[in-house]
Amino acid sequence: MSEIRISQAQIQSDSDMAGGESGAQTAEHEVSAVRKFLMARGNSAIADRVFHGLMVLCALSIFLIVALILWLLIARSQLSWHTFGLKFFYRSFANPETGQSMYWDPVNDRFSAVPFVYGTLVTSFLALLFAVPLAVGVAVFLTEMCPRWLRGPLAFLTELLAAIPSVIYGLWAIFVLVPLLREHVNPVLIGALGWTGLFDNQNPTGLGFFASGVILAIMILPIVSSLTREVMTAVPHSQREAVLALGATRWEMIRMGVLRNARIGIVGAIILGLGRALGETMAVTMVIGNTAEVHRSLLANGSSMAAVIANEFTEAVSDMHLSALIEIGLALFIVTVIVNAFAQLMVWAVTRGTPSQVR
Amino acid sequence: MGVGIAVLNLNAWYGANHTLQDINLNIPANHVTALIGPSGCGKSTFVRCLNRMHETNPIARVTGTVRIGDLDIYRDCKPVQIRRRVGMVFQRPNPFPTMSIYDNVCAGLKLNGYTNRRALDEIVERSLKASALWDEVKDDLKKKSGASLSGGQQQRLCIARALAVDPEVLLMDEPASALDPVSTAKIEDLIFELKSQYTIVIVTHNMQQAARVAEKTGFFLNGRMVEFDSTHKIFTNPSDKRTEDYITGRFG
């Protein structure tokens, strides 16, 4: 309020000086409707404070949601955590009837996350193996070589891959990809690389780790390639010119002038893709085969952390079974959060520009 | 040793923009030639035509003949080949931030597959001495990044990088315009030292700089070369009215 009074006094004295002796009189007459209206307003402190509070609440709700999820996961997994401890993540059991080792025994309420952690790691690794070279290739083509008229449509198409619901990928995998792998790819792999033990012909379905890895690769391709494109675009043009002026060919320019400068960000993009692959549920569940087993062969059936949760949640009748599933969920939650945070930091490091150092 | 450059009927375009029109001149070997003129007059485009950097822009086009030594660079060779013989220093220092000082200097050699380590050590030392940077960086050649240096040091690093491939011609596109006066003076001293071994073409906005370092000066205006003569003549007794107006500060 006091500020408004001062400005009113200021106006008065200003018009005094300008208008001479009649100034004081005219000023009284000429207080316009707009000025009266504005002076009548309060300082709106309450409205401002309410608005401020609402916005803080909106921002906090995100933390609140994350905290609630974490709390639920921790609380509901206590039973399994107290029963199995850390061994949950590395131990197997002997089957009471056959004596063979097993990991997941809902009948006797004994659980171990080993096959699911293994499945998640194997499928994610395969996905990166296939997706990364392809994604970097797409990004290099789009930023450095693509004719301008083709750049937009091609970038749009790659981004569009990310918009397809994962259940559609799963369907496509079941009806197209898996038969294709079963008939044409797997026999070749078994013939050529069977000696490594990574490819055997025990599984006639075509489902399994390998099919999951391939479908995951297609699913993470858009995110990895679009982020790689972003960090490559962030490399200043002067760096490309510097390399070209030294007599570099186009490939040498891309290698030394672009990829070298963008590599931290590209690693970030890859890790972000890894984060997506680790948590991807639907498509993997549809093609991985869903058996709680650990196999060396990539063509064998298996399961992943996300897949087992999706598959068994509705059938988990015992408290222990449910608790074990939630503990797997907790582990997946923590790992993906860490992986994603790490990746974001690396992408920021390039696109925002950090103090440079020899790497 | 440097070689001369002969330019015949050079025309260049950016899209529909005719940025260089019928340029003819002979740049003498082992001399410093300065190109002056107001912004947008085509002098930068001109030097970029001398190592075919102009055509890295997809909308750019060039016609005419440029001879560097005996080589007709638009007919006898590919762009990558001529760029290995013509060094270039840009307006803004552009060292490679992810490389050490050492790797920055020998980037051009490593790029082309030159791996003799002992020779590389010598070349790095020689190039950094030639660019007057050696004493300031010799203790952390492999420890510090090229981007950790000051602006003036970075520009001398870029000069060392250009010199390391032992070019015949050194093109400098406003090499000191982003630097403070002390660094500028160092770069100018350097240019003076280097001309015994290289043919140097320098684009500059700074007429005093042209007068200080160059024996020959060319004045560009609106895509044409108005006058090309000895620096002394250009600055004391120009033959063209437009040159006189420009150097006396009546426009530009």
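Which residue stands opposite Ile68(B) in E5(B)? I shall begin with that question this morning. The residue is Leu71(B). Please bear in mind that the structure before you is a predicted model.

Let us place that pair in its surroundings. Strand E4 of chain B, residues 60-68, pairs with E5(B) in the antiparallel sense, and two bridges join them. Both strands belong to an open sheet of four strands in chain B, ordered E2-E1-E4-E5, with antiparallel pairing. At the edges stand strand E2 (17-27) and strand E5 (71-72) of chain B; each has a single partner strand, so one side of each is left without a neighbour in the sheet. Across this region lies helix H1 of chain B, residues 43-50, which crosses strand E1 (5-14), E2 and E4 of chain B. The helix runs at about 65° to E2(B).

I turn now to a second pairing in chain B. Strand E9, residues 216-221, and strand E10, residues 224-230, are antiparallel to one another over six bridges. Within this pairing, Phe219(B) has Glu227(B) of E10(B) as its bridge partner. The two strands form a hairpin with two residues between them, and Asn222(B) takes a positive phi near 50° there.

Next, the interior. Which residues touch the most other members of the largest nonpolar core? In this core of 82 residues, they are Leu171(B), Ile200(B), Val201(B) and Ile202(B). Helix H7 of chain B, residues 151-164, supplies the largest share of the core, namely seven residues. To take one example, Ile202(B) touches several residues when those up to four places away in sequence are not counted, among them Val32(B), Ala34(B), Met172(B) and Val213(B). There is also a second, separate core, with 75 residues, including Val132(A), Ile266(A), Leu299(A) and Ala306(A).

Finally, I come to the contact between the chains. How many residues does each chain bring to the contact? Chain A brings 18 residues and chain B brings 23 residues. On the side of chain A that touches chain B, the elements giving two or more residues are helix H10 (237-245) and helix H11 (250-279) of chain A. H10(A) gives the most, with six residues. By character, the residues on this side of chain A comprise seven nonpolar, seven polar and four charged.

To close, let me return to the opening pair: Ile68(B) is opposite Leu71(B), and E5(B), as an edge strand, has a single partner strand. Thank you for your attention.

Notes: Residues numbered from 1 in each chain as written. Chains lettered and ligands numbered in written order. Predicted model: local features only at pLDDT ≥ 70, side-chain atom pairs only at ≥ 80, totals over all residues. Contact = placed C-beta atoms within 7 Å. Nonpolar A, V, L, I, M, F, W, Y, C, P; charged D, E, K, R; others polar. Core = buried A, V, L, I, M, F, W, Y, C linked by C-beta atoms within 7 Å. Buried ≥ 20, exposed ≤ 12 C-beta atoms within 10 Å, placed from the backbone. Pairing = 2+ DSSP bridges. Axes fitted to C-alpha atoms, helices over the stretch in contact; angles between N-to-C directions.
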